[in-house]
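Please find my notes on this model, set out as numbered points. They are best read with the structure open.

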Amino acid sequence: MTKIIPIRKISHYARKKTIDVTDGTISNTNKFRKAAENTADAFLFILRVIRNTFSRGFEFREFIKQCFEIGNKSLPLISITGIIIGLVLTIQSRPVLVDFGAETMLPGMVAISIIREMGPVICALICAGKIGSGMGAEIGSMRVTEQIDAMEVSSTNPIRFLIVPRVLAATFMLPLLVLYADALGIFGSWAGANIKGDVSFVLFITQAFGDVAFMDFIPAFIKTFFFGAVIGFTGCYKGFNAGRGTESVGIAANSAVVMASLLVIIVDLIAVQITDML
């Protein structure tokens, strides 16, 4: 039998459906509006940082302190990572090259891989987790405990004192950390080559850098500055705009790591495209 629904119930169901669809549309609109506002706020934050960077009253002592903090605290992790990169690349590539009788190409191949891509990207991703989360948590805790508000009330510019030194420190220290990781990666590659062989260190270095051209190093070194800037901006932005609750510190640190890692990969993609066109 056909079930007859009263007109009152039909209108109730129709009204409910309309409300659900409308709520979904409003929700999507609000999400889009919020994303657009966050993007605009991020660009305004970057402009404020750039403007305060070239203004008077630069906090040089705070900049040196942040450089020491970023470099010193990241050295153990970068050291282990650099050596493991060289070891893994050598151990994985050596059997294939031996099968083709091209074992002498191993040092040059590993050196080019580390210098052009593996060293900068992996080092930047690790620093995104180490440096980005640290900045997000530190500045986020300052926001939660109202230290930033107190600085603004006392006529102290928090952007100039807190944000600019950290962004510049990340921008200038990451290339140095990448160079350090590249050197350790090549050393780890030499150690991996000697597991099943006997290659002198001088001969290995000669073969490695004999295949590395000047244009292999310069683009990779330049993009590390952008990696550092992206990590510094993201960590500081997420911490500076943290919420008022104590859980906002963890949210700021987590979102800083995720966003910084994603932006590092995007910047690397853009840099590779530009390098390929050149």
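The points below cover the overall fold, the nonpolar cores and one helix pair.

1. The model is predicted. The protein has eight helices and zero strands, so the order of elements from the N terminus reads α-α-α-α-α-α-α-α.

2. Of the 278 residues in the protein, 39% are buried. The exposed surface comes to about 16300 Å², and carbon and sulfur atoms supply 68% of that area.

3. Taking contacts between residues at least 6 apart in sequence, 85% join residues at least 24 apart.

4. The largest nonpolar core holds 40 residues, and those touching the most other members are Phe45, Val49, Cys127, Ile163, Leu174 and Ile231. Two or more residues each come from α1 (7–53), α2, α3, α4 (147–153), α5 (158–193), α7 (214–240) and α8 (247–277). The largest share, 13 residues, is that of α5.

5. A second core, separate from this one, has 14 residues, including Ile85, Ala102, Leu106 and Val212.

6. Which residues does Ile231 touch, leaving aside those up to four places away in sequence? They are Ala124, Cys127, Ala128, Ile131, Gly132, Leu174, Ala260 and Val264. Of these, Cys127 and Leu174 are, with Ile231, among the core members that touch the most others.

7. Helices α2 (residues 60–99) and α3 (residues 106–144) have axes that come within 9 Å and cross at roughly 145 degrees. The crossing of α2 past α3 is right-handed. By class, their contact contains 17 nonpolar, six polar and three charged residues.

Definitions and conventions. Residues are numbered from 1 along each chain as its sequence is written. This is a predicted model: local features need pLDDT of at least 70, side-chain atom pairs count only at pLDDT 80 or more; totals for chains, interfaces and linings use all residues. Side-chain values use heavy atoms; hydrogens and water are left out. Axes are lines fitted to C-alpha atoms, for helices over the stretch in contact, and angles run from 0 to 180 degrees between N-to-C directions. Helices (H or I, at least four residues) and strands (E, at least two) are DSSP runs, numbered from the N terminus. A crossing is left-handed if the near helix is turned anticlockwise from the far one by less than a right angle, and right-handed if clockwise. Ala, Val, Leu, Ile, Met, Phe, Trp, Tyr, Cys and Pro count as nonpolar, Asp, Glu, Lys and Arg as charged, and the others, Gly among them, as polar. Buried means under 20% relative accessible area, exposed over 50%, partly exposed in between (1.4 Å probe, protein chains only). Contact means heavy atoms within 4.5 Å. Accessible areas come from the Shrake-Rupley method with a 1.4 Å probe; for residues, only the protein chains shown count as cover. A nonpolar core is a set of buried Ala, Val, Leu, Ile, Met, Phe, Trp, Tyr and Cys residues joined through side-chain atoms within 4.5 Å.
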